[in-house]
Amino acid sequence: MIVNINIDKSLDKAERHQEYLSDLIKKSLNNYTDHITRIEIQIKDVNGIKEGPKDTNCMIEARIKGRQPIAINNRADDIETAIKGAVDKIKSALETIMGKIQDQ
């Protein structure tokens, strides 16, 4: 499973978040590594320089072998919360898809 991470340059401490995010994804989606070819992650500040609620967006796209890619978005006030919410959402979506595959 390849993990590709893109973080908006305007966000602080982007390098630290890349390592954290890569480890979090690999641990959280460890059960699905045989089914996923690649994970694409984009984190950006929606409002740019302006402050505002829920202005950090984390998008995760999972490319599943033999299926269409799935993508989710999660907005939050800070990077960590956006990442954790996005990981929870993609994990839930993958559980649903893998359950359907096993039922066939």
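This passage describes the fold, the strand pairing, the nonpolar core and selected residues of a predicted model.

The secondary structure of the protein chain consists of two helices and four strands. Followed along the sequence, these elements give the pattern β-α-β-β-β-α. The predictor's confidence has a mean pLDDT of 85 over the protein chain, and 88% of the residues reach 70 or more. Among the elements, the highest mean pLDDT belongs to E4 (95) and the lowest to H1 (78). Of the 104 residues of the chain, 38% count as buried. Among contacts between residues at least 6 apart in sequence, 49% join residues that are at least 24 apart.

The pairing of the strands can be followed from E1 to E4. Strand E1 (residues 2-7) pairs with strand E2 (residues 36-45) in the parallel sense, over six bridges. One of the residue pairs involved is Ile7 with its bridge partner Ile43 in E2. Strand E2 is also joined to strand E3 (residues 56-64), in this case by nine bridges and in the antiparallel sense. Here Ile36 has Ile64 of E3 as its bridge partner, and Glu40 has Glu61 of E3. Strand E3 in turn runs antiparallel to E4, to which seven bridges join it. Within this pairing, Cys58 stands opposite Asn74 in E4. The hairpin of E3 and E4 has five residues between the strands, and Gly66 in this hairpin takes a positive phi near 75°. Strand E3 thus has bridges both to E2 and to E4. Eight of its nine residues are buried, so E3 is largely enclosed by the rest of the structure.

The largest nonpolar core contains 26 residues, of which Ile41, Ile60 and Leu94 touch the most other members. At least two residues of this core are supplied by each of E1, helix H1 (14-28), E2, E3, strand E4 (70-76) and helix H2 (79-103). Helix H2 provides the largest share, with nine residues. The surroundings of Ile41 may be listed in full, leaving aside residues up to four places away in sequence: Ile41 touches Val3, Asn4, Ile5, Asn6, Leu21, Ile25, Cys58, Met59 and Ile60.

Helix H2 was examined further. Its 25 residues should span 36 Å at 1.5 Å a residue, and the C-alpha atoms at its ends are 36 Å apart, which agrees with that expectation. At the N-terminal end, Asp78 caps H2, with a side-chain oxygen 3.2 Å from the backbone nitrogen of Glu80. The buried residues of H2 are Ile79, Ala82, Ile83, Gly85, Ala86, Val87, Ile90, Leu94, Ile97 and Met98. One of these, Leu94, is also among the core residues that touch the most other members. Ala93 lies in H2 as well, but this residue counts as partly exposed, because its relative accessibility is 24% and the buried class requires a value under 20%. Ala93 and Ile72 are 21 residues apart in sequence, and their C-alpha atoms are 8.7 Å apart in space.

Contacts also link the two helices. Leu24 lies in helix H1 and touches Ile83 and Val87, not counting residues up to four places away in sequence. Both Ile83 and Val87 are among the buried residues of H2. Leu24 and Lys84 are separated by 60 residues in sequence, yet by 8.6 Å in space from C-alpha to C-alpha.

A final residue to be considered is Glu40, which lies in strand E2. Glu40 is classed as buried because its relative accessible area is 12%, whereas the cut-off is 20%. The side chain of Glu40 makes a polar contact with the side chain of Asn4, at 3.0 Å. When residues up to four places away in sequence are not counted, Glu40 touches Asn4, Asn6, Met59, Ile60, Glu61 and Arg63. Among these, Glu61 is the bridge partner of Glu40 in E3. Asn4, Asn6, Met59 and Ile60 also appear among the residues touched by Ile41.

Definitions and conventions: Residues are numbered from 1 along each chain as its sequence is written. This is a predicted model: local features need pLDDT of at least 70, side-chain atom pairs count only at pLDDT 80 or more; totals for chains, interfaces and linings use all residues. Side-chain values use heavy atoms; hydrogens and water are left out. Two strands pair if DSSP finds at least two bridges between them. A nonpolar core is a set of buried Ala, Val, Leu, Ile, Met, Phe, Trp, Tyr and Cys residues joined through side-chain atoms within 4.5 Å. Buried means under 20% relative accessible area, exposed over 50%, partly exposed in between (1.4 Å probe, protein chains only). Contact means heavy atoms within 4.5 Å. The expected span of a helix is 1.5 Å times one less than its number of residues. A polar contact is a pair of N or O atoms within 3.5 Å; within protein, one must be able to donate a hydrogen and the other to accept it, and residues adjacent in sequence count only if both atoms are side-chain atoms. pLDDT is the predictor's confidence in each residue, from 0 to 100.
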